[in-house]
Amino acid sequence: MTADTKARAEAFHALHDGLLVLPNAWDAVSARLVADAGARAVATTSAGVAWSLGAADGETLGRDRRVDLIALVAAAVDVPVSADIEGGYS
C-alpha cells in the first residue's frame, strides 16, 4: 500500500464518524466535478460505470474494464473513492 493510498483510506475511515455523503461519479470527469464542488469523498455507481462504457447494468461488463475505469476515477481526484462494482468480483 502506498503512502497516498493509506492516507486516503484513513481519511475515508474518518469520514464515517459523522454524516457521510457520497456523490456518485461514473467517469473521471464527473468525479473531478464532484470533488471540485467540495465533496470530501466520491463513490462510483455500478450502473453509471457500465453505462459510461456503453454497456447495460447488471453484470454485463468484464472486471478489467470496470476496474480500469474506477482506477481512472481514483486518479482524477484527491479525495477517497468508494467503488460499487456490482457483484464485487471477489
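Is Asp36 buried or exposed? Asp36 is exposed, with a relative accessible area of 59%; buried stands for under 20% relative accessible area, exposed for over 50%, and partly exposed for in between (1.4 Å probe, protein chains only).

Some ground rules before the exercises. This is a predicted model, in which local features need pLDDT of at least 70, side-chain atom pairs count only at pLDDT 80 or more, and totals for chains, interfaces and linings use all residues. Residues are numbered from 1 along each chain as its sequence is written, and side-chain values use heavy atoms, with hydrogens and water left out.

**Exercise 1.** Find the salt-bridge partner of Asp36 and place the pair in the fold.

Solution. Start with the criterion: a side-chain nitrogen of Lys or Arg lies within 4 Å of a carboxyl oxygen of Asp or Glu. Arg32 meets Asp36 at 3.8 Å, N to O. Next, both sit in helix α2 (residues 28-36), 4 residues apart, or about one helical turn; helices (H or I, at least four residues) are DSSP runs numbered from the N terminus. Finally, Arg32 is partly exposed at 45%.

**Exercise 2.** Describe the salt bridge of Arg8 and the accessibility of its two residues.

Solution. First, the closest N and O atoms of Arg8 and Asp4 are 3.3 Å apart. Both residues belong to helix α1 (residues 3-15), with a spacing of 4 residues, about one turn. Then compare accessibility: Arg8 is buried at 18%, whereas Asp4 is partly exposed at 45%.

**Exercise 3.** Characterise the salt bridge between Asp64 and Arg63.

Solution. The closest N and O atoms are 3.5 Å apart. Asp64 is exposed at 52%, while Arg63 is partly exposed at 44%.

Definitions and conventions:
Helix = DSSP H or I, 4+ residues; strand = E, 2+ residues; numbered from the N terminus.
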